[in-house]
Structure formats: C-alpha cells, structure tokens
Amino acid sequence: MDVQALHDCFVGTLQADQVTRHQAELSLKQAEKSNGFLSACMDILSEENVNPVVKKSCAIYFKNRITRHWVDVKPETGINDNEKNLVKHRLVSLVISSPMDLRTLLFPILSTILSYNYPDSWPEFLPNTIGLLTNLGDLKSVYAGLLCFSEVARSYRWKKNDERKELEQLIPQVFPNILNIGNSIITSESHGNYESGEMVKLILKIYKFVTYHDLPLALQQQQAVVDWCTFHVNVINLKLPQTVMDLDPDDRRLHPWVKSQKWAFANLYRLSTRYASKSLSEKFQYNDFKKFFNEGFIPELLKVYFNKIGQWCNNEVWISDDSLYYLVIFLENCIVQKDIFKLIKPHLEVLIKHFIFPLLCPSEDTLDLFENDPTEYIHKILDVYEETNAPDMAVISLLYTLVEKKTKSSLEPILQFCYTTLTDLQQKNQDDIEVAKKIEGVLRIIGSISHKLSSEKSPFYPQMESFLNSFVFVHFNSKFPFLRARTCEVASKFSEIKLQNPDVLHHGVMSAFDDVENLPVQLEGALALQAFIGLPSFKEALGTVIVPTMHKLLELSNKVDNDSIAAVIQEFVESFAEQLQPFGVELMTKLSEQLMRLLVELEKASDTDVDDIGELDATSDKEMAALGLINTMVTVLLSFESSVDIVFKLEECFAPCVLYIFDKNMDNYFSEARELVENSSFLTRTISPTLWTIFGSLMGAFENGLAMYYIHELLPCLNNYLVYGSSKVITNKEFSQYFYYIFDLISKTEDVGRTEIICGAELAQTFILSLQSESRIFIPNFIRTILSQLNNTEFSSSLNSLGFIVNMLEVIIAGLIYDTEEVLRLLIQTNSIAFLFTNWFKFIPKLARVYDLKLSVLGLLSLTSIPASSDLQQFLIQIYPDLGTQLVILLSKLPEAIKSLTTKREKFSELGFDDDDDYYEYSAGGGNDDSWEDDDDDESGTRSNDDYLAFLSKQSAEYGSTNNNNGASAAAAAAAAIDPNETDNAEDDDDDDDFYANDDDDDVLDEDPLSNNPLDSINIFEVFKNSFVGTQQYHENVYRLIVSKLGDNEKKIIQDVITMVTNTPNPNAMPSS
C-alpha cells in the first residue's frame, strides 16, 4: 500500500473543508479493507517527522481496525494472517518508541491480540517480554516489558491456581525482578516523573491481576508476603511530588502516582477480605497465609493507616478519594474480625471525631454541585444505594457495620459525639455556612445509625423524640437548602418512632416539598411524605390537599429521572384511592406522557454507541424511572376496579406507551407492559378495541421472535385475550391463527425449555376451552405436537414431574371435551390412548386446583356421550369401570379446592376480584349455545352454597377414610387390556406413590386467585348431575359399567350430589368456584 497516499488521507480527515474531509474518510474506509493497511499505519506511526495530530488520527484508525476485526473471518472485512503476523512482530517495538499519548491508544490493541492469540498463536511474546524486563539500562524497554507482562497477568485474572500452573513457574522467574524495578523507582530521587509513576502503577496492577481471583502459592510464602506488602506500604507512604500537587484536583486523581497509591490500598484490602478474613475466605484453605497476614502484618499495617489518617486530619498529606475509599472499607472489614477489632477499638473516638465526621461534611465541590447541577447532586449524594467509590458512602457503610456488629462498643460513643457536637453548634451562628456543613456531617452520622435508635428495644428510644425535636427537626427552617434536604432525609429514617407531637415534623416536610426552587429539597420532602404516610395526622392532613400534591409530584417526576418519585406516587394512589378517583384519567395521562418521553429517549440512546460512563448512568436512571412509572400506572389502573368506564379511558391513555414498547422491540419493558393489558382486561372482563389494537403490536413482537423469550411473562395477558375476547377470536379467523402461531412458535423454537413447553400447553388449553367447538380444526395439530413433545427424549425426565405431565395431558383432555370422537381416534391411531389413561388416572388423586379438577370431570363425562353404536365403544368398555371411581375422587376433592380458592380470592379482594362469575349451562359432549346469567348473591343463595359445600366436604372426608386409591392401578389394568404391550410397565407403576414426587418449582400447580379461566363460570356439580342422570336414562349399559366398581359409600356420594343439586332452589346459587 502507498504509505504517502495513506498519510495524505489522514491529513485530509483533519481539514476544515467538509467535502475534503468527507472524501478522505471514504478513501480510508476503502483503504482499511486492503492488505497492507495495518503495516502502512505502523510505518506512519513510526516515522518521527509525521505531525503528532496526524499520528493520533492514524492510531485511532489502527486501533479500531484491530479491536473490531482481529477475529473477523469475513473475507471483505477480516484481517489476513500475513498482516496479523506483521502486526505482532512490530507492535511491541512500536509501543516502546511511541510517546505516552499514543501508547494509551496502542494498549487496547495489545490487549485485544493477547486475549485471542496468547499463548498458542503468539508463543514468542512471553520470552520477548521477559527480555524487555531484564534490559534495565533502557527505561523504555522496561516500561514496555511491564506493559506487556501486565497483559499476560490479566489473562490469569479469573483463573484459579489449579487452572494456571504455568503462572506458578513464572512468578519466581519474573516477580523478583519486577519488585526490584518497583523498589528502585520509589527510592530514586527522580521518582516523581510521570513515566516512573506509570511503571509503578503497572507493577501494582500486575500484582492485582494474579491475586484477584486466587492467591498464587508462590505469593503466599512469608518472605513474598513481607516483600510485596512492604512495597505496597512504601507506595502508600510515598510523598506525592509537588508537580502532582500543583495539578487541578480532577487532573491530580488521574496522575499515575495517585493511581499507584489507589491500587496499593485496593490490593491490600482485597488480600485481607478475600484470603485472610474468616467470614469471606472459607473457600480458600490458606491457613498459613491467613495466620501470618492477620497476626504478623495487619497490626503493623493498621499503625501505618492510623498514622496516615492522622496526617490527613492535620492537613499534612493529601489522599485521593479513591484511596480513602479503600482505606475506609479495609477498616470496615477489620471491624467484623474479632481479634483485629481489638486493635481498632482504642482509636474509635478519635476516628469518629477526626476522620469519619470530616468525611461526611460537604465539600465546596459538593455544595457547588447542589447549586449548579442539582440532578447530579441527587444522583451522587442523596442516592445512598448507588454503587460508588466515594469515601463518604464508604464511611456510612462503616458506621452501619460498626453499630450493627459492635453495638455495645460503638453506639453510645457515636451518639454522645453527635449530641455534644450538635449542642456546641447550637451556640454558634446558624447563618454561618461552616456551621451548617458541620451540622450536615453530624446528621449523616445520625442517619446511618438510625436503625439502632428507632427500635423500641433501643435504650435510647424514650429520648429520641426530644432529641429529634431539639437537634434535627429545627433545621427544617435552615437558610441553607442543602441542610433542609438533609434534614428531610434523616427525619425519614425515624418514621417508625411514635411521635407525640408531629406538628413540627409535618410542617417541615410540607415546607420542603413546597420548595420548588431547590430540586433536592423538594425531592427529599416528597420521600419524607412517603415515609410518614403511616402517621394518622400526616395522612389526614395530606388527604385534604392530595390532588395538588399529586400535581407537584408529577411535575417533580418530570424533572428527575428517578424511580423513587414513581414509588411515592404509587403509594399515594394506594393510600388515597377514593380521593383521587376524579383525578384518575388526568393522572394516567400525565404518567403516560412522562413514560413516553423516557421511552423515546431510551430508544434513541439504544441506537447510539455509549462509551461515557456518565451517559450509561443516565440511561440506567431513565430505565429505572420508566419501570417505576409503569408500576405506578398499574396501581392507578387497579384503583378503578369498580369503574369500568374509567378503565376504558385509562386504556386510551396508556395504550400509546404499550404500542411503542412492542413496536420498537423494547423488550426490557415487555413484562411491565403486559401488566397494564392483563390488569385492564381483568378489571373490565372484556377486550376493548384499544386492547385489540395492542394485540396487533404484540403479535408483531412474536413474529420478530423477541416476545418468544418472554412467553412466561406474557402468558397471563394472552390468556385474558382468549377468556375475555373469545367471541372476537371466533369471528376473526386471523386472530385464532395468531394464537395457534404462538403455540407453534414455542414448539419449533430451538433450545426451548420445559417452562416454555408448559406455557405452550397452557395456551393451547385456554384456546380450546375458550373457542369450544370452533377450536376443532386446531385440536389435532395441538395433540400431535403435545404427543411429539412427550416422546422427545429431552423431556423424558420431566414425565415424572406432576406439573409437566398434567399440563401436557390437559391439552388432550380439553380436546376430548369438544371433539371427543376425533380425539379418541387420533389417540388410537398414534398408539397413545393407553399412555393417556394410565397417566391421567394416576395423577387425578394428586390434583388440587379447581381448574384441574373441573377439567378432568368434564373430560371424563365427555366419554359417556359416545353413541352405543360407535366402534370406539370397544376401547371405552375397558375404561368405563374405572371412570366412576375417578369421578368420585374428583367430586370429593372439589369442595375443599373451591373453599381454598374462595379464601384466596377473599384475601385479594382489595385488588378488585369479585366472585360474580356467570353460570354457564354446559352439556357434556359440547356444542350447545352459551347461556350467561348473573349469579344470585342474596343471602339464601349464599347460605345454600355454604351448606352444600359443607355437606360435600363431610362426604369427602367420609370417602377419604375408606378410599384405597386404586384408581391408578385399575387404569393400568384397563390400559393393558387396550394395549397388551403396556402390561409390564403398568404393573411396574402399580402402587408407585412417589411417581410424581420429583416436582420442580417451576412446575408446581398453584392456583392464581386473581386470574380467570374458561371453566370459572361452569357449575361443575350441575353439569355432573345432568350428564350422569342422562347416562343413567339413555345409556344404561354404560351407566352399569361406570358404577360397577363403586362401593356403597361411593354410590352414596354420587346420589347425594345429585339430590343436593336437584333440591337447590336456584341453580345459580350452586358453587361455581
């Protein structure tokens, strides 16, 4: 490749003229695909006379080409092997000769190549690296050697000792030399220069990489521990050069000498916590190291740290925030080590007063952030749950651990310090900002130990209201907004205290919430309102102004992308549902507008590459805020359970957001979006035109394959579409095809798991039971798929799982109800009829859900509708004698199941569930017109229900004492008669009570009290009576076979059920679940 032409292209990319720049960029894109491009780039980077700006542009292209395409195998974009070898041959020397600003661009290249090629495809790299480390006369070579070896060490970072035995051989060969290099640098008078700091930093990172996941045996030896830990301590004690101290604080923390001290603190912390702490090192049996480190080294290290803390307190040394963070968390870990805490205990009061307290007082930078970037202040200062390396957050954690683990030793001294300091500060000028900063520091201490003060068991509890009134609540009136915000935050942590006079608190919190000029103050006021909503006086006062309060919360939520505001709104909606009824549509509109704004911003952000950590944090905040808004919208929706017309209006509000989520494939919100649809359809018991529009977008998400990964979460929503929208699905063939498409998609998706297969089976059941006779054209395909999955060896172990086998076979049972003869013929054709009845009769005694019991009753009754002249009777004649036994079992279990479900539904009544399910007149064999009537809920009907269930429960108990549970074995015998090849297996299963004992958690047959299914409206006892009496009258031979194995008790149960149903004045008063 023409090096000069390539050089000119890079020059062109820096020109101001847009046309010239664009043409140069096009030429570069074409050139980078050509052989020789990387070699030509290295020629440009090696040439001394090239403009540094052009070199930087070249280095960026060079880096991007390698990091993006080193392992690319596509001919049009990949890098050929010859050029790869040239790069590996020249790269290290290029690093050595390059200035520091270019080296930082070359580091990722080295890391990328090593991650893919070392050691197999670059065996000469390690010997060359060791050679560089021994060339002590050339600092550039030594630096390059350290850089290269740090990448070698990085490759061992996540490996255990038994996976990196070659490292054990390298350490004695390389580490003594590296340590000598480090010691010589820090003892040299010229140690202050930038390059020396980079080398020390690399040495410390090499040590970090090899000790991060496991501790090499060679570094566990006492002399190695002494030598390396001494080196770390010497780096920590090193006085930073004046050139470093003269830098701006933001630039100073990035200097390699400052970073070296950070890594020294960090490495010692990790050694202590991972390999020497009793609570965290149980997986490592390095007892000799642990004993020596704790007894021989930590006491001396604590002396160093206490001395360093003393120097910092006296402003004799500057320590970066990162280093302070690791120092603090090291001390926190020492607190929980019994023997080591004894060394810290004498220093506690000094630490609290001169170290912990100053770290919690706000700095000038913090206050500047409050004034000029309140959103960032909220993010970094008030969000204590945010992961951060800030020393003040580490101190808060230390205080919490201190009073939690060492209560007797620490709580009283800490509280005494707070009391004394606040008493002294009360005598000072409250308008002095220095006084206010100190008050904030003390308040943060109080907040971090509040859990030990607000408990009624605390000896300080009786004095806490007086303490709070005297030293905390008074600062609601401070002239400094940052102190008012902190007062709200700390006050919120004492929400469990029963205040005798909450007026001051209430006034202070409301004043803070009304402070629209100071965002952090208003936010903390809102959070305080949430914290104290349990106080009757708070709730009563807030109830009178709840609507304007919600307006302010919505405005605040629009300013701060934080999920905490959504949580406040959600709790207020729950607490003031009645007062907010007139405000519901407006509230949902505002929430939807805010959500849509966030969704659009998040969708745009997903289309761009985000490299800046700050941008990632902002995106994460928006994601959490969006989730919080959706959860709040669900709460608003549920608060209108008795207002169907309002729910329809709410649907129109949130529909654009749900459509956007599905249309833009924002799968992070699929689960939350379906909650809105599921709850809305549940509340109205119908599918509105708005929800049908959403259904189209949901189907689009399935068609592109994304929704398939969320089938478990989306299933309840799909079931509601079938249960409440069955008439639309029946009349719109496209919709029915969509539902079958989802089932088919599940069955054909590669690597589908058992959970997804069960979801498909549940969907098929709901589809058949909702569409009834209209589902017949789909039933054969459903059943063939189910039988294929049951025969799949991948799921053979699942056949012993009750949840799996029940859900699978219930698809076939549902098919029997609405297409009895054709399903039986299909089972006979596929040699599956014996399998069905053997397993069906085996699991019937284990069923507990009302749905399962009803379905089995209907399935068994459907068998009695086969005409006597049918050829199928030759098979059924073997089943009928056991059918009666199974029906008695089911009827006996139903009363308790119905009672249990009713109890669950009563517990969830506040969510809007009412048991007004309509009575559906069902005729066994299917095909009759639907008949819907409202349940009669007068007292006589209710009493009849109770008496009837009590009667059946009594009969069930009597039956249970005599039943010997022979249903499964009888079914096995019948199956053998149908298919003699099944005989041996059937006998093996006889009396196998633990056949379904290996249930997994995801298969447990739990009954959701807040969901409906197509069988809810069916009065199963009425259906049983009509079908059984009809069989007795019109199919006498079948009837005789059904009752042939029943004893007197079983026959009495059946007769009593029929009698009770017959004598019930109003059939709608019969239990329907």
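User: Contact means heavy atoms within 4.5 Å. By that rule, which residues does Ser 39 touch, not counting residues up to four places away in sequence?

Analyst: The model is a predicted one. Ser 39 lies in helix H3, residues 37-46. With residues up to four places away in sequence left out, Ser 39 touches three partners: Glu 83, Leu 86 and Arg 90.

User: Is Ser 39 buried or exposed?

Analyst: The cut-off for buried is under 20% relative accessible area. Ser 39 has a value of 18%, so it falls on the side called buried.

User: Step back to the whole chain. How many helices and strands does the protein chain have?

Analyst: Burial first: buried residues make up 54% of the 1073 residues in the protein chain. Then contacts: among those between residues at least 6 apart in sequence, 77% join residues at least 24 apart. As for helices and strands, the counts are 53 and 0.

User: Which residues have the most contacts inside the largest nonpolar core?

Analyst: The largest nonpolar core has 355 residues. Helix H42, residues 802-818, gives the most to this core, with 13 residues. The residues with the most contacts inside the core are Phe 62 and Phe 355.

User: Leaving aside its neighbours within four places in sequence, what is Phe 62 in contact with?

Analyst: Phe 62 is one of the two residues with the most contacts inside the largest nonpolar core. Neighbours within four places in sequence are set aside here. The contacts of Phe 62 are then Leu 38, Cys 41, Met 42, Leu 45, Val 87, Leu 91, Leu 94, Leu 106 and Ile 109.

User: How far from Cys 58 is the nearest cysteine sulfur?

Analyst: The structure holds 0 disulfides. Cys 58 is in no disulfide, and the nearest cysteine sulfur is that of Cys 41. A disulfide needs sulfur atoms within 2.5 Å. The distance from Cys 58 is 4.0 Å.

User: Are Cys 58 and Cys 9 buried or exposed?

Analyst: Cys 58 has a relative accessible area of 0% and so counts as buried. Cys 9 stands at 16% relative accessibility, so its class is also buried.

User: What is the angle between the planes of Trp 312 and Phe 355?

Analyst: The structure holds 44 aromatic pairs. In one of them, Trp 312 and Phe 355 lie 5.5 Å centre to centre. Planes over 60 degrees apart count as edge-to-face. This pair is edge-to-face, at 85°.

User: How many residues apart are the two members of that pair, Trp 312 and Phe 355?

Analyst: Trp 312 is in helix H15, residues 287-313, and Phe 355 is in helix H18, residues 348-360. Trp 312 is buried because its relative accessibility is 17%. Phe 355 is buried because its value is 3%. The pair links distant parts of the chain, with a separation in residues of 43.

User: What is the distance, centre to centre, between Phe 695 and Phe 735?

Analyst: These two form an edge-to-face pair with 75° between the planes. The pair links helix H36, residues 689-703, to helix H39, residues 733-748, across 40 residues. Phe 695 and Phe 735 are buried. Centre to centre, the rings lie at 5.3 Å.

User: Which residues join Phe 695 and Phe 735 in one aromatic cluster?

Analyst: Phe 695 and Phe 735 are an aromatic pair. They also belong to one cluster. Joining them there are Trp 692, Tyr 721, Tyr 738 and Phe 739.

User: The charged end of Arg 252 sits over the ring of which residue?

Analyst: Another arginine, Arg 157, lies over the face of Tyr 212, at 4.3 Å from the ring centre. For Arg 252, the charged end is 4.6 Å from the ring centre, and the ring belongs to Trp 318.

User: How far apart are the end C-alpha atoms of helix H32?

Analyst: Helix H32 covers residues 584-606, and among its buried residues are Leu 587, Leu 591 and Leu 595. At 1.5 Å a residue, its 23 residues should span 33 Å. The span in the model agrees with that, at 32 Å.

User: What does Asn 117 touch, not counting residues up to four places away in sequence?

Analyst: Asn 117 is in helix H6, residues 100-117. It counts as buried because its relative accessibility is 12%. Its C-alpha is 9.7 Å from that of Val 71, 46 residues apart in sequence. The residues Asn 117 touches are Trp 70, Lys 88 and Trp 122.

User: What separates the C-alpha atoms of Asp 101 and Pro 52 in space?

Analyst: Asp 101 lies in helix H6. With a relative accessible area of 44%, Asp 101 is partly exposed. Asp 101 and Pro 52 are 49 residues apart along the chain, and their C-alpha atoms are separated by 9.6 Å.

Conventions:
Residues numbered from 1 in each chain as written. Predicted model: local features only at pLDDT ≥ 70, side-chain atom pairs only at ≥ 80, totals over all residues. Heavy atoms only, no water. Helix = DSSP H or I, 4+ residues; strand = E, 2+ residues; numbered from the N terminus. Buried < 20%, exposed > 50% of the residue type's maximum accessible area, 1.4 Å probe, protein only. Expected span 1.5 Å × (residues − 1). Core = buried A, V, L, I, M, F, W, Y, C linked by side-chain atoms within 4.5 Å. Phe/Tyr/Trp six-rings, centres within 6.5 Å; stacked < 30°, edge-to-face > 60°. Lys NZ or Arg CZ within 6 Å of the ring centre and 35° of its normal.
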